[in-house]
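Here are a few exercises on strand pairing, each with a worked solution. Have a look at the structure first, then try each task before reading on.

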Amino acid sequence: MRRAAVLLFVLAACDHKLPPQFPVCADAPVVTDAGTAVTATYYGDIKPILDGRCIGCHTAGGLAPFSLDSFDLASANAALMAADVQTRHMPPWLADHCCQEYRDSPQLTPEQIALFGAWLDAGTPLGDPADAGAPIPTLGMSRVDVEVGMGAPYTPHQQNELRCFTLDWPEQTTKFVTGINLKVGNRSIVHHVILYVVDQGSADSLKKQENADGQPGFDCTGGLVGANVTGGLAGWQPGSQGLDFPDHTGTKVEPHSAIVMQIHYSLEHGGSGSDQTTLQLEASDSATELKGIAVGDLLWMANGSMRIPKGAVDYPYTTEIHPIDLYSSGNPMLLYNVSLHMHQFATHGLLTLEHADGTRECLLQVSNWDMGWNGTFWFAQPLRVVSGDKIFLECDFTNTTDHDLVWSNSGEMCAGFGTYIDAH
């Protein structure tokens, strides 16, 4: 029987220590060629970048606090844009650039960043609409085979909520999900979405929690406790586009399964109203199966041993797993993506691979954690993992409350996830 990726954590004591010379990198500042004169206009240079990278959030009714979908609005915010792209604060992307090369990053190139500074310095010239540049290409899903969604609208009432919705899987034969796209109902309040596949028994159990408080879905701040998660479908954050999974890989979904859609709702930027989000999927009869791994410590969740003292600053929790022994019965694997899962008191996190020969490489480093931009990071090329390799996890927390934080009763978490295929 396949083991549940979300529940299979290594049982290991946490001593709060990383291995010697644990890889930590530092992002270099963005450097542009100061000797090259750069000119830029709104139509020729700035609007194509805004259309391809920014308007998904910075538009009327979007999650961002202001719009950038016109010349006047862009010009009024030119100084802020130039500063935020220079520091890489925008477009949002949690992963440190020095760690690993990822596909589908929304971040700008040094040349694109330089255009914002040049446009500001030149007084934000409009340019000629006839010379408008083409928008930056965005991703897309090849086709839509399955569409499922929330049965009724949900209206959040707190500043931040984690709400889960159990979506019935309609196919009657085994399928592989090979692409996803989210049609978000209310972009002003949906901050991110994570998608899980659960088996029939778990689906039936989770459905009993639906509408328990008189509202669609159920509160899942503490995670999908007790659910048998058989796969993950990545997720969505503002600015994300639909995509096909690489190399004809896919997540297996059996008949009578369900997809759990976990949505983080945020009212912090003035959004309001209800949401009814729909999930579009590409479903194939065959694919190379993507399987899931989890990096964590079951004791943190089971007996409350993950305790973050009140007032603690950058308080670390660390653990390690041998992924080949736990998940692939000794066979090599190709690791396609990784993600971190922490909540609001986290400050930074790390996932690092130590090879059997002692060499190490960074998988994911987040120096400035923001729960709102939680996402999945796909490697530009899958990484080979063999017997004897270990994956290390570190999560750091700053507890600003007047009490200790414990996984079991406060909702704070520390876990890493990834997807892989069997390699030969």
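**Exercise 1. How many bridges join strand 11 to strand 20, and in which sense do the two run?**

Step 1: Strand 20 covers residues 414-422, and 5 bridges join it to strand 11 in an antiparallel arrangement. Strands here are DSSP runs of E with at least two residues, numbered from the N terminus, as are helices (H or I, at least four residues). Two strands pair if DSSP finds at least two bridges between them.

Step 2: For one opposing pair, look at Ala294, which faces Phe417 in strand 20.

A note on the source: this is a predicted model, in which local features need pLDDT of at least 70, side-chain atom pairs count only at pLDDT 80 or more, and totals for chains, interfaces and linings use all residues. Residues are numbered from 1 along each chain as its sequence is written, and side-chain values use heavy atoms, leaving out hydrogens and water.

**Exercise 2. In which sense do strand 8 and strand 11 pair?**

Step 1: Strand 8 (residues 249-253) pairs with strand 11 in the parallel sense, over 3 bridges.

Step 2: Thr249 has Thr288 of strand 11 as its bridge partner.

**Exercise 3. Why is strand 11 largely enclosed by the rest of the structure?**

Strand 11 spans residues 288-295, and 6 of its 8 residues are buried, so the rest of the structure largely encloses it. Buried means under 20% relative accessible area, exposed over 50%, and partly exposed in between (1.4 Å probe, protein chains only).

**Exercise 4. What is the strand order in the open sheet of 4 strands?**

Step 1: The order is 13-18-15-16, with antiparallel pairing.

Step 2: Strand 13 (315-321) and strand 16 (360-366) are the edge strands, each pairing on one side only.
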